[in-house]
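Trainee: I'd like to take a close look at one spot in this model and understand what surrounds it. Could you walk me through it once the picture is up?

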Amino acid sequence: MATVELLISPLPAHVRTARLVAAAVARRAGVDEAVLDEVRLAVGEACSRAVGLHRGSGLGTPVRISLTDEEKLFSIEVADDAPRSTSVDAASGVSPEVLDAAETEEDQMGLAVISGLVDDLQVSAGSEGGLIRMTWPTARA
């Protein structure tokens, strides 16, 4: 299992870098070429959401992105430090309730978009921040 970790400042301009790195690592991991655009879009949505949450909460800490090549699976985790008061399990892509003022309808729309682009989506959030985990099968599957 190989992992690439990327830290980006919470600035919208850095989301593009995260998308480019994600596509390159996904290609190397064996994700089907036809799916690479979906990887790019999903990472862009997840990182944009995390950057927005950081900026909305006045946080300067980096957004953390982990890209992992497992045996038959490629996963990406995007973690933010924006505190929320309720945990979320958004396998469907949309949280059943509004987390707090930091969580807007735009955030919910972003999760809905991501859910349509990934094989498996897990979303969690709490007082320490949030995590979006996305997975896709690799050609070795």
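Leaving aside its neighbours within four places in sequence, with which residues is Ser75 in contact?

Mentor: Happy to! This is a predicted model, where local features need pLDDT of at least 70, side-chain atom pairs count only at pLDDT 80 or more, and totals for chains, interfaces and linings use all residues. Residues are numbered from 1 along each chain as its sequence is written, and side-chain values use heavy atoms, with hydrogens and water left out.

To your question: once neighbours within four places are set aside, Ser75 is in contact with Ser66, Leu67, Thr68, Glu70, Arg133, Met134 and Thr135 (contact means heavy atoms within 4.5 Å). Ser75 itself sits in strand S3 (helices, H or I of at least four residues, and strands, E of at least two, are DSSP runs numbered from the N terminus). With a relative accessible area of 3%, Ser75 is buried (under 20% is buried, over 50% exposed and in between partly exposed, with a 1.4 Å probe and protein chains only). Its strand is mostly covered as well, since 6 of the 8 residues of S3 are buried.

Two of those neighbours also meet Ser75 through polar atoms. The side chain of Ser75 makes a polar contact of 3.3 Å with the side chain of Glu70, and another, of 3.4 Å, joins the side chains of Ser75 and Arg133 (N or O atoms within 3.5 Å, one able to donate a hydrogen and the other to accept it, with sequence-adjacent residues counted only if both atoms are side-chain atoms).

Glu70 and Arg133 are partners in their own right: their side chains meet in a salt bridge, 3.1 Å from N to O (a Lys or Arg side-chain nitrogen within 4 Å of an Asp or Glu carboxyl oxygen). Arg133 belongs to strand S5 (residues 129-137) and Glu70 to the loop between S2 and S3, so this pair ties together parts 63 residues apart in sequence. Salt bridges with shared partners bring Glu77 in too, joining Glu70, Glu77 and Arg133 into one network. Arg133 counts as buried because its relative accessibility is 18%, while Glu70, at 23%, counts as partly exposed.

Now for the strands around this spot. S2 and S3 run antiparallel and are joined by 6 bridges (strands pair if DSSP finds at least two bridges between them). Along that pairing, Leu67 has Ile76 of S3 as its bridge partner, and a hairpin of 3 residues connects S2 to S3. S3 also pairs with S5, again in the antiparallel sense, over 8 bridges. There, Glu77 has Arg133 of S5 as its bridge partner, so Glu77 and Arg133 are linked through strand pairing as well as through the salt-bridge network.

A second salt bridge involves S2 and the loop after S3. The side chains of Asp81 and Arg64 meet at 2.8 Å, N to O. Asp81 lies in the loop between S3 (73-80) and helix H3 (105-115), and Arg64 in S2 (residues 63-69), 17 residues away in sequence. Both are partly exposed, Asp81 with a relative accessible area of 23% and Arg64 with 32%. The structure holds 5 salt bridges.

The helices give this region company. Buried residues of H1 pack against strand S1 (2-8), H2, S2 and S3. They are Val15, Ala18, Ala22, Ala23, Val25, Ala26 and Ala29. H1 (residues 15-29) reaches 21 Å from its first C-alpha to its last, close to the 21 Å expected at 1.5 Å a residue (the expected span is 1.5 Å times one less than the number of residues). Just after H1, Gly30 takes a positive phi of about 100 degrees.

Stepping back, the protein chain has 3 helices and 5 strands, arranged from the N terminus as β-α-α-β-β-α-β-β. Of its 141 residues, 45% count as buried. Among its contacts between residues at least 6 apart in sequence, 65% join residues at least 24 apart. Your Ser75 offers a local example of a link across the sequence, with Arg133 among its contacts.
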